[in-house]
Amino acid sequence: MRRASAFLALLAGLVGLASAQNAPSFPFCQCVRSTSTSRYEVVDTPAVSLKPGYWCVQLKVKETCDKPKSPCCQADLYKIELLAQAGCVGSRMTASYGYSASSLVEVPSVPTWETPDAAPEGAAVLKLVRLGLNVSSADGIYICYKALSGSCRKAEQVCLPGPDGRCQLSLFSSDSSCW
Ligand SMILES: *[C@@H]1O[C@H](CO)[C@@H](O)[C@H](O)[C@H]1NC(C)=O
């Protein structure tokens, strides 16, 4: 039987997600959710516009894990999921990353939309894979989204915000060996 999740959430991280008791349980995967064995974090600020049309979140990498002996402390960063508004599903988006506005390059894949069965009414997921980042290269990098058409052009038009009004993101490694 195939595992329900090919990838493991290292981090149900988010831009400032306070524990959202009544919120839908995002990410909608059967995956390990642990921030104690992950070094990846999303910088806790509202999305920034590095360039016209782009909105970006910045990642940082902690120097150590809370559980430093876990092999997950060295895990890579393969995928980011963003909790999004269902009304944006189908919007054509592109994603770029880099350490500054002038060094943004396209991510090797385009963001794709999903509406998981477990997602509540009005919610969808914007998935971005093949990031190819690691604990060195992810530190300080901006992940930027840009709409190619439609009305979902700004973070606040795309994100389904957490209790603090910010976007909610989950970060995933490329394998499922971490616990
Ligand atoms: C992280 O990725 C960069 C760029 O691909 C590579 O040069 C570096 O060796 C990697 N570092 C680690 C710790 O894996």
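Here are legends for three close-up views of this structure.

This is a predicted model, in which local features need pLDDT of at least 70, side-chain atom pairs count only at pLDDT 80 or more, and totals for chains, interfaces and linings use all residues. Residue numbers start from 1 along each chain as its sequence is written.

**View 1. The shell around the ligand.** Asn134, Val135, Ser136 and Ser137 surround the ligand, a residue being near a molecule if its C-beta atom, placed from the backbone, lies within 6 Å of it. The shell has one nonpolar residue, three polar residues and no charged ones. Here Ala, Val, Leu, Ile, Met, Phe, Trp, Tyr, Cys and Pro count as nonpolar, Asp, Glu, Lys and Arg as charged, and the others, Gly among them, as polar.

**View 2. Alanine 47 and its contacts.** Look for alanine 47 in the loop between strand E2 (40–42) and strand E3 (54–61); strands are DSSP runs of at least two residues, numbered from the N terminus. Alanine 47 counts as buried because 22 other C-beta atoms lie within 10 Å (buried: 20 or more such atoms, placed from the backbone). Setting aside residues up to four places away in sequence, alanine 47 touches Trp55, Cys56, Val57, Ala155 and Cys167 (contact: C-beta atoms, placed from the backbone, within 7 Å).

**View 3. Isoleucine 141 and its contacts.** Isoleucine 141 sits in the loop between strand E8 (123–128) and strand E9 (142–147). Isoleucine 141 is buried, as 22 other C-beta atoms lie within 10 Å. Beyond its neighbours within four places in sequence, isoleucine 141 contacts Leu59, Tyr97, Gly98, Tyr99 and Leu133. The C-alpha atoms of isoleucine 141 and tyrosine 99 are 4.7 Å apart, with 42 residues separating the pair along the chain.

Conventions. Helices (H or I, at least four residues) and strands (E, at least two) are DSSP runs, numbered from the N terminus. A residue is buried if 20 or more other C-beta atoms lie within 10 Å of its own, exposed if 12 or fewer, and partly exposed in between; C-beta atoms are placed from the backbone. Two residues are in contact if their C-beta atoms, placed from the backbone, lie within 7 Å.
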